[in-house]
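Open the model in your viewer and colour it by secondary structure. The stops below say what to select next and what is there.

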Amino acid sequence: MSEDGGMDRSISNRYPNEYLNSLDPTGLPPFKLELKVGCPIILLRNIAPKDGLCNGTRMMVVRCGSRIIEVKIFLFI
């Protein structure tokens with residue numbers, strides 16, 4: 001804590017981003033996640049429950065863009 005009661009700004013710059021990104025703690029995904037077409041994935045957030053996009057929805061990667069992942073939803077009957 002700094003003298004004015006706020007957060008010490010020097011703490012946030014103590015470790016370079018390259019070092020923090022290189023860490024691989026147990027139980028957390030890697031910093032850079034690489035997906036391949038055909039890879040199965042599971043949705044971890046309730047995005048649109050009315051449309052079936054809720055926690056645990058199983059999907060398959062169809063196409064990957066720079067900021068979007070196109071998937072096909074697996075339907076289990």
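## The sheet

This is a predicted model, and its three strands form an open sheet in the order β1-β2-β3, with antiparallel pairing. The edges of the sheet are β1 and β3, each of which pairs on one side only. On average, neighbouring strands in this sheet are turned by 50 degrees against each other, direction ignored. Strands of a sheet pair through backbone hydrogen bonds, either parallel or antiparallel.

Now look at the whole chain. What pattern does the chain follow along the sequence? The pattern is α-β-β-β, made of one helix and three strands. Of the 77 residues in the chain, 6% count as buried. Of the contacts between residues at least 6 apart in sequence, 12% join residues at least 24 apart.

## From β1 to β2

Select β1, residues 40-42, together with β2, residues 58-64. How many bridges pair β1 and β2? Three bridges do so, in the antiparallel sense. To see one position in this pairing, show P40, which stands opposite M60 in β2.

## From β2 to β3

Keep β2 selected and add β3, residues 69-73. The two strands run antiparallel and are joined by five bridges. The connection from β2 to β3 is a hairpin, made through four residues.

Two bridge positions can be picked out here. C64 stands opposite I69 in β3. M59 has I73 as its bridge partner in β3.

## The salt bridge

Next, show the side chains of R63 and E70. What do R63 and E70 form? They form a salt bridge, and their closest N and O atoms are 3.0 Å apart. The count of salt bridges comes to one. E70 has a relative accessible area of 35%, so it is partly exposed.

## T57, in the loop before β2

Select T57, which lies in the loop between β1 and β2. Is T57 buried or exposed? T57 has a relative accessible area of 10%, and because buried means under 20%, T57 is buried.

Display the polar atoms around T57. Which backbone oxygens does its side chain reach? One is the backbone oxygen of G52, at 3.1 Å. Another is the backbone oxygen of C54, which lies 2.7 Å from a polar atom of the T57 side chain.

Now show the residues in contact with T57, leaving aside its neighbours within four places in sequence. These are I41, I42, L43, G52 and I73. G52 thus appears twice at this stop: its backbone oxygen is reached by the T57 side chain, and the residue is on the list of contacts. I73 was met earlier as the bridge partner of M59.

## Two cysteines

Select C39 and C64 and show their sulfur atoms. How many disulfides are counted? The count comes to zero. C39 is in no disulfide, and the nearest cysteine sulfur to its own is that of C64, 8.4 Å away. C64 is likewise in no disulfide, with the sulfur of C39 as the nearest cysteine sulfur at 8.4 Å. A disulfide is a covalent bond between the sulfur atoms of two cysteines.

Are these cysteines buried, partly exposed or exposed? C39 is partly exposed, because its relative accessibility is 25%. C64 is also partly exposed, because its relative accessibility is 37%. C64 is the residue that stands opposite I69 in β3.

## The helix

Finish at helix α1, residues 17-22, and pick N21 within it. N21 is partly exposed, because its relative accessible area is 31%. Then select K32 and draw a distance between the two C-alpha atoms. N21 and K32 are eleven residues apart along the chain, and their C-alpha atoms are separated by 8.3 Å.

Note on methods: Residues numbered from 1 in each chain as written. Predicted model: local features only at pLDDT ≥ 70, side-chain atom pairs only at ≥ 80, totals over all residues. Heavy atoms only, no water. Pairing = 2+ DSSP bridges. Buried < 20%, exposed > 50% of the residue type's maximum accessible area, 1.4 Å probe, protein only. Polar contact = N/O pair within 3.5 Å; in protein donor to acceptor, adjacent residues only side chain to side chain. Contact = heavy atoms within 4.5 Å. Axes fitted to C-alpha atoms, helices over the stretch in contact; angles between N-to-C directions. Salt bridge = Lys/Arg side-chain N within 4 Å of Asp/Glu carboxyl O. Disulfide = S-S within 2.5 Å.
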